Amino acid sequence: MSSAENPGANSKARNSFEEHRKDLCHDLSDPPSDLIIGRISLRDGGEFRIGRIGVSGDADQEVLDWRARVAKRFFLDPQSAKDMLTFRRTIVMKKKEVVRCEDDFGEPPNDHLPVSSGSPPLSLSPSRLRPNASVAIPAKSRLDNKDGTQNERPPSRTNNDKAFQSNKTGPRGPLTTETGLRPAWVEKLRAPETLKLETARPRTGRMQGLLETLQPDQFELVSSPSNQSLIIEGGPGSGKTVVALHRIAYLLYEQNFNHNEHILVLGPTENWVAYLSTFLHSLAIESEKIQKVSIKTMAGLCRNLLSEINCEVTPATPRDEPAGISELKGQSCMFDILSDYVWDHAVAQDQVIKVGEFDIAVSEGEMCSFITKMRSEGVSYGKAQWNLRKLFWEKLDLLMFMKKVPHARKVMLNSELLAVLDADNILDLAFPAVGSLRRLLRDFLRQPENLMKHCTGHMAEDEIQILSKFESSNQIIFCLSDTDLYLLSALGVIVHGSDYWKRVIHLVVDEAQDLSPLQWRLLSLIGKKNNAGKELPCTLIGDPAQKTSSTELVGWESMTEAMGLHNAEHHRLERSYRIPGKLNSAVAKLQGPRNGPENLESVTTEGEGLEDRRVMSRSSLGQEILRIRLSRDGLTVVTGTLQTLQTVSTQLRAEKVKFLVSLDGALDSLQDELILLPVDEMKGLEFDNVLIIEPDELVKRDKLGNTALYIALTRATRAAYFIRVDGPGTGIVDRLLLD
């Protein structure tokens, strides 16, 4: 039918085009106020301004997207950059005005481009803006494509190329020493003075303005090929999250997406998820591209997966369980145990059905082989029933071929086969319905004989008894623990399968060390079901020393093995860009050589280190917080238990003090507010001043040692405080306070 005969089709197309036009206009109507981040002059000719997005237009309006190939030279270390550039300048803009410039080397050309902070603000007309637009490139920097177009020539990525060698070692120290001389390792940083100012800037929970100070070793990881898997390890403040965030933006620039493909990003908390969503918008990424990023916690991912198969996961009442039980349930073998339990419902017996003049027989041995084949191929229990129907079809087709049955008769017999299978419930007899997932999980956990039968060989006998005793004593039917959510998701995949995995083309996991072996087992299905068995590129970020979950620690080697990553590159970031030297020295005493914080190079010495405050009783906590708050622009209070958080909240309300409590959700960016947080919500955030109530509580509740206290201290960029009630402590806190 032509479009003239179907006016509705034209109307639908016009509406779709109009919606796309409005989205594009929205992206272009308000260019970022800090659009320009730098300027470079190439040795082989050409002057470029580097920006958050590409802008095409007149010579004085052109801006090169920071992810473009020529723009990579802007992020090289000074020595390597001098081989390719004659001039490089870092520019900091606020509200469309240049507020700071730092020249690494060379003399600025005297031309039409703004060269100083006194230059007039850039006049950017929305009609001239075109995100990610290409700009004029010098002839020597071009490469011809097969279609006759030209691309920018990328610098070589060989091992001998200085342009892409990163510095990962060097003595600790500030940007300038007491004598005013900069240490030698600072000479390998890009824009060191701007970096110092930016690290000393007030923090309000979120990282901001990172492109201007993105360092060479960080950018090397960010700009790795989209099909390259990376493991990025580093201590607090080393820039792991910075790399992860810009890596996502880079992938959006480089990757070509089909209709339903996306990048899956997993983070530790809902606060982190909300922050990342905001951060991507701050990089001026178009709305159309941002929609290709799916940002979730692991729990949120499992809820999405279960919602696709119509499984209700919201518990009527929250259920807590001991850490030891969570560790048992979080083992990788639980997936195999649940798979055994589900497939144990299948019945292998002789099946004979009559279709027309043919008797179609499937023996018990054939059924056993069929069930084993379905399990080994990762076919879901539900799909196996459909495949059994195909088995009968194939047998009938062979019989009809041998008897040379005419085509018309074949069609009739195939229809008759379907009717017989449905009438005699042949498929349901072989693969009985297992019921709802929640009931299936409840029956498995609450019946000791099920646990003993299917866990034997995977768990020790005493572990099975501990799990059985705990679950038998808990008779709340419709209540799930956090770990049960992942067991339920495993059941969902085993019984129903999921097409969700097939839509992921790159996986990014922050705080990867906190995922349990069972969670990694679930994620491994992405790699197996994606791209017809090809390796799914992954970017895994973490620090084993910051593991907070109670489940078994999964090493990097085990992670890559689970995901089927055979060519992943492992990198460790060695500098601390956030934690001041004094505080970094105290933090080093907590973990020692296990994670090597004493080896991190502190880029800044700004800050006041660690201070201890004592109160006579818990009733004085609120008043002491207010005393500290009076001398600080912003203060974040951290507690180890919800009971202590409630106590402090009550006391502050009695004093009629305005504050924000965040338990599990998006945390707004607040500079002049008092913020109360449980330590579990601190990951991925940073604050100027952190006050830890009863630090001994964090130590005593932490099965993994001092990790919770370690995380709380390393969120501070200026000062950290302890408030303790007089009395004996663990001794660990006293050791931190010693010079």
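Modeller: Two residues are in contact when they have heavy atoms within 4.5 Å of each other. The model before us is predicted.

Colleague: With that meaning in hand, which residues is Trp520 in contact with, leaving aside its neighbours within four places in sequence?

Modeller: Trp520 then touches Val509, Ala512, Leu515, Leu540, Val554, Met559, Ala562 and Met563.

Colleague: How should one read the core to which Trp520 belongs, and how many residues does this largest nonpolar core have?

Modeller: In soluble globular proteins, nonpolar side chains tend to be buried together. Here the largest nonpolar core comprises 88 residues, and Phe431, Trp520 and Leu523 have the most contacts inside it. Helix α18 (residues 482-496) is the element that gives the most to this core, contributing 9 residues.

Colleague: Where does this core lie with respect to domain 2 and domain 3?

Modeller: It lies between them, because domain 2 (204-312 + 499-576) and domain 3 (347-430) both supply residues to it. There is also a second, separate core of 52 residues, with Ala68, Leu230, Ala244 and Tyr275 among them.

Colleague: Turning to individual residues, is Leu264 buried or exposed?

Modeller: The cut-off for buried is under 20% relative accessible area. Leu264, in strand β10 (residues 262-267), has 0% relative accessibility and therefore counts as buried. Its C-alpha is 9.7 Å from that of Ile248, and the two residues are 16 apart in sequence.

Colleague: And which residues make the nonpolar surface patch of about 380 Å²?

Modeller: Leu398, Phe401 and Met402 form that patch. Met402 is part of helix α12 (residues 381-402). The cut-off for exposed is over 50%, so Met402, at 59% relative accessibility, counts as exposed.

Conventions
Residues are numbered from 1 along each chain as its sequence is written. This is a predicted model: local features need pLDDT of at least 70, side-chain atom pairs count only at pLDDT 80 or more; totals for chains, interfaces and linings use all residues. Side-chain values use heavy atoms; hydrogens and water are left out. A nonpolar core is a set of buried Ala, Val, Leu, Ile, Met, Phe, Trp, Tyr and Cys residues joined through side-chain atoms within 4.5 Å. Buried means under 20% relative accessible area, exposed over 50%, partly exposed in between (1.4 Å probe, protein chains only). Helices (H or I, at least four residues) and strands (E, at least two) are DSSP runs, numbered from the N terminus. Domain bounds come from an automatic or database domain assignment. Patches are made of residues with over 30% relative accessible area and no salt bridge: like charges are joined within 9 Å, nonpolar side chains (Val, Leu, Ile, Met, Phe, Trp, Tyr) within 5 Å. Accessible areas come from the Shrake-Rupley method with a 1.4 Å probe; for residues, only the protein chains shown count as cover. A salt bridge is a side-chain nitrogen of Lys or Arg within 4 Å of a carboxyl oxygen of Asp or Glu.
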